[in-house]
Amino acid sequence: MDADWLPFHPAPTAPSYTPPPGAVDAHCHVFGPGDRFPYAPERKYTPCDASAAQLFALRDRLGFSRNVVVQATCHGTDNAAMVDALVQSGGMARGVATVGAGIGEDDLAAMHDAGVRGVRFNYVKRLVDPKPDAYYHGIIEKIAAHGWHIVVYFEAADLAEKWDFFTALPTTVVVDHMGRPDLGKSPDGPEFAQFLRFMERDNIWSKVTCPERLSRSGPPTYDDFVPFARALVERFPDRVLWGTDWPHPNLNMVGHMPDDGWLVDMIPRIAPTDDLRRRLLVDNPMRLYWPEEVAA
Ligand code: 0GY
């Protein structure tokens, strides 16, 4: 299990596209190091160690200012590495945790103080063993006092089954990676139309992320990703987020590691105006993760 990762790109290209001041990478991770922050025994893959210092160096190289660090399944419900990164960031990173139904109020309060603002419910069957809705209802009750939102990760084929549960969620709901559409299908076809209908609800947001995971046409331009992401950015400009997904865990199943500079250079293709790019990279993530810094 320890050899099932690809290393992240050691020296990403400096992007040609310069993000606006204050841009947020709203989906990224930190992992390990495994001797200090051990990986979860129940994990389905082992990631490459990826430290907060390396994440912040990437942030600076790509021209970003802030990060949203998302808990991935390889660390299970032990959020220590993610929380440590938030503390090290000096307020320039917020987090999304994965918690168990037995989480205590003291632990939630400590995570909130460190900068956690949401929980992630992961439904991707190759990553987690399924849990009943009741398990998640217990967590929803506990996070309510903190005003946290919910991030959901699922595959397009499973949206119909989870529709009633997702649409009844009482918080802002952020969907990882556009609900993982099959990019071999048409962006005008019934599968993506269902996702667009889902997005019509004004508490539902989407990350327009992970060309490297979803694309069939492949690097460096990931052309088949663009019409899907652009449709979301243009139709729901105030409810989309962008992120690198660095250090791109579990990509051995896809077979290549992206250069993060390529990913940044896709932004003008998915958000074709300055106004759309400012909302995607600054206004939306600031409203969700740093509302206290956004003028009323
Ligand atoms: C991602 C994607 C993946 C992994 C996880 O929680 C995770 O382990 O999210 C994946 O394998 O699709 O967002 O990093």
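Reader: Where does the ligand sit?

Author: The ligand sits in the largest cavity. On a 1 Å grid over the protein atoms alone, a cavity is a set of points where a 1.4 Å probe fits but cannot get out; a molecule sits there if more than half of its atoms lie within 2 Å of the grid points. Keep in mind that this is a predicted model, in which local features need pLDDT of at least 70, side-chain atom pairs count only at pLDDT 80 or more, and totals for chains, interfaces and linings use all residues. Residues are numbered from 1 along each chain as its sequence is written, and side-chain values use heavy atoms, with hydrogens and water left out.

Reader: Which side chains have a polar atom close to an oxygen atom of the ligand?

Author: A polar contact is a pair of N or O atoms within 3.5 Å. Here, polar side-chain atoms of His-177 at 2.7 Å, Arg-120 at 2.8 Å and His-27 at 3.0 Å face ligand oxygen atoms. The protein covers 100% of the 350 Å² of accessible area that the ligand has on its own (Shrake-Rupley method, 1.4 Å probe).

Reader: Thanks! How many disulfides does a search of the whole structure find?

Author: A disulfide is a pair of cysteine sulfur atoms within 2.5 Å, and the search finds zero.

Reader: Why is there no bond for Cys-48?

Author: Because its closest cysteine sulfur, in Cys-74, is 11 Å away, too far for a bond. Cys-48 is buried, with a relative accessible area of 12%, and Cys-74 is buried too, at 1% (buried means under 20%, with a 1.4 Å probe and protein chains only).

Conventions:
A polar contact is a pair of N or O atoms within 3.5 Å; within protein, one must be able to donate a hydrogen and the other to accept it, and residues adjacent in sequence count only if both atoms are side-chain atoms. On a 1 Å grid over the protein atoms alone, a cavity is a set of points where a 1.4 Å probe fits but cannot get out, and a pocket is an open set with protein on both sides within 12 Å along at least five of seven lines; lining residues have an atom within 4 Å of a point. Buried means under 20% relative accessible area, exposed over 50%, partly exposed in between (1.4 Å probe, protein chains only).
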